[in-house]
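Visitor: I am new to this structure and should like to understand the terms used to describe it. May I put some questions to you as we look?

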Amino acid sequence: MPHSSQAQPPSGAPSSKGEDTPVSAIPAPAPAPLNVVYCGVCTFPPEYCEFGSHMTRCKAWLGENHSDLYVRYYSQDALTSKVGTLSLEAQTKLEKDTAKKEAKADAKADAEAKKRQVTIKRIERTKRKHVTSIHGLEAFGVDLKKAAKLFAQRFATGSSVTKNAQGIEEVVVQGDVRGNGVLKDVPGSNVVLVEEKKKKTAGEE
Ligand SMILES: [Zn+2]
């Protein structure tokens, strides 16, 4: 074969040697992949955080995780060059709008977080007998039937999926299992502990 073994690094432009040079043999080297940073709070690239609703948190996140970018977008110089052209009124309005937007987003996030809440309720059946109802697990992607089975095994007690008074399914475990680390995968801040005393009118179930 008349091919000369070329010792050229593949990064150079392929020296065209006419038709017998396979054109597609050496693909043009791809540019080194850019290490694109996405904001850990709003998921936009950091230069777009200001258009999101979480600027304050975005800013804190960037400062913690990418101090170089933080300097680029939030240093005094960067800010001055950016808002320097705005009038003082415009700046104040911008800040106000941002604060408003953030407050709104925070309220929404709060409401959302509340929805994802597990309620562990100890219900008194008799003086010494309790059951524990665990409500809201499905919001965490938990299969209630499996959970009931798991609780039964773990606490060596009865456990089942039952509809509560509102017609919503929850797991009910016999006995008081609240302190047993029932929900190690649900953040503590999402768990509410409730105690329900026996009502005078409640009869046997
Ligand atoms: Zn962001």
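Guide: Please do; note at the outset that this is a predicted model. Let us begin where Glu124 stands opposite His130 in strand E2. Glu124 belongs to strand E1, residues 118–124, and a hairpin of five residues joins E1 to E2.

Visitor: What makes E1 and E2 a pair?

Guide: Two strands pair if there are at least two bridges between them. Six bridges join E1 to E2, therefore the two count as paired; they run antiparallel. Six bridges also join E1 to E5, and there the strands run parallel. In that second pairing, Val118 stands opposite Val191 in E5.

Visitor: How do you know that E1 is largely enclosed by the rest of the structure?

Guide: A residue is buried when its relative accessible area is under 20%. Six of the seven residues of E1 are buried, so the strand is largely enclosed. For the protein chain of 205 residues, the buried share is 21%.

Visitor: Which strands are called edge strands, and what makes them so?

Guide: The open sheet has five strands in the order E3-E4-E2-E1-E5, with mixed pairing. Strand E3 (159–163) and strand E5 (191–196) are the edge strands, as each pairs on one side only. On average, neighbouring strands of this sheet are turned by 25° against each other, direction ignored.

Visitor: How do you know that E2 and E4 pair, and in which sense do they run?

Guide: At least two bridges are required. Strand E2 (residues 130–135) and strand E4 (residues 169–174) have four bridges, so they satisfy the requirement, in the antiparallel sense. Within these strands, Ser133 stands opposite Val172. Helix H5 (residues 144–155) lies across E2, E3 and E4, and runs at about 10° to E4.

Visitor: Let us turn to the metal. What makes the four cysteines donors of the zinc ion?

Guide: A donor is an N, O or S atom within 2.8 Å of the metal. The SG atoms of Cys39, Cys42, Cys49 and Cys58 lie 2.2 to 2.3 Å from the zinc ion, so they qualify as donors. Along the chain, the donors follow the spacing C-x2-C-x6-C-x8-C. One pair links distant parts of the chain: Cys42 is in the segment before helix H1 (55–65), while Cys58 is in H1, 16 residues apart.

Visitor: Why is the site of the zinc ion called tetrahedral?

Guide: For four donors, the term applies if all angles lie between 85 and 135 degrees. The angles among the four donor atoms here are 106 to 113°, so the site is tetrahedral.

Visitor: Are Cys42 and Cys58 buried or exposed?

Guide: The cut-off for buried is under 20%. Cys42 has 12% relative accessibility, so it counts as buried. Cys58 has 1%, and therefore counts as buried too.

Visitor: What is notable about the phi of Thr43 and of Ala156?

Guide: Most residues other than glycine have a negative phi. Thr43, in the segment before H1, has a positive phi of about 70° although it is not a glycine. Ala156, in the loop between H5 and E3, has a positive phi near 50°.

Visitor: Why are Thr43 and Ala156 called exposed?

Guide: Exposed means over 50% relative accessible area. Thr43 has 55%, so it is exposed; Ala156 has 70%, so it is exposed as well.

Note on methods: Residues numbered from 1 in each chain as written. Predicted model: local features only at pLDDT ≥ 70, side-chain atom pairs only at ≥ 80, totals over all residues. Heavy atoms only, no water. Donors = N, O, S within 2.8 Å, 3.2 Å for Na, K, Ca; no water. Tetrahedral: all angles 85-135°; square planar, octahedral: opposite > 155°, others 65-115°. Buried < 20%, exposed > 50% of the residue type's maximum accessible area, 1.4 Å probe, protein only. Axes fitted to C-alpha atoms, helices over the stretch in contact; angles between N-to-C directions. Contact = heavy atoms within 4.5 Å.
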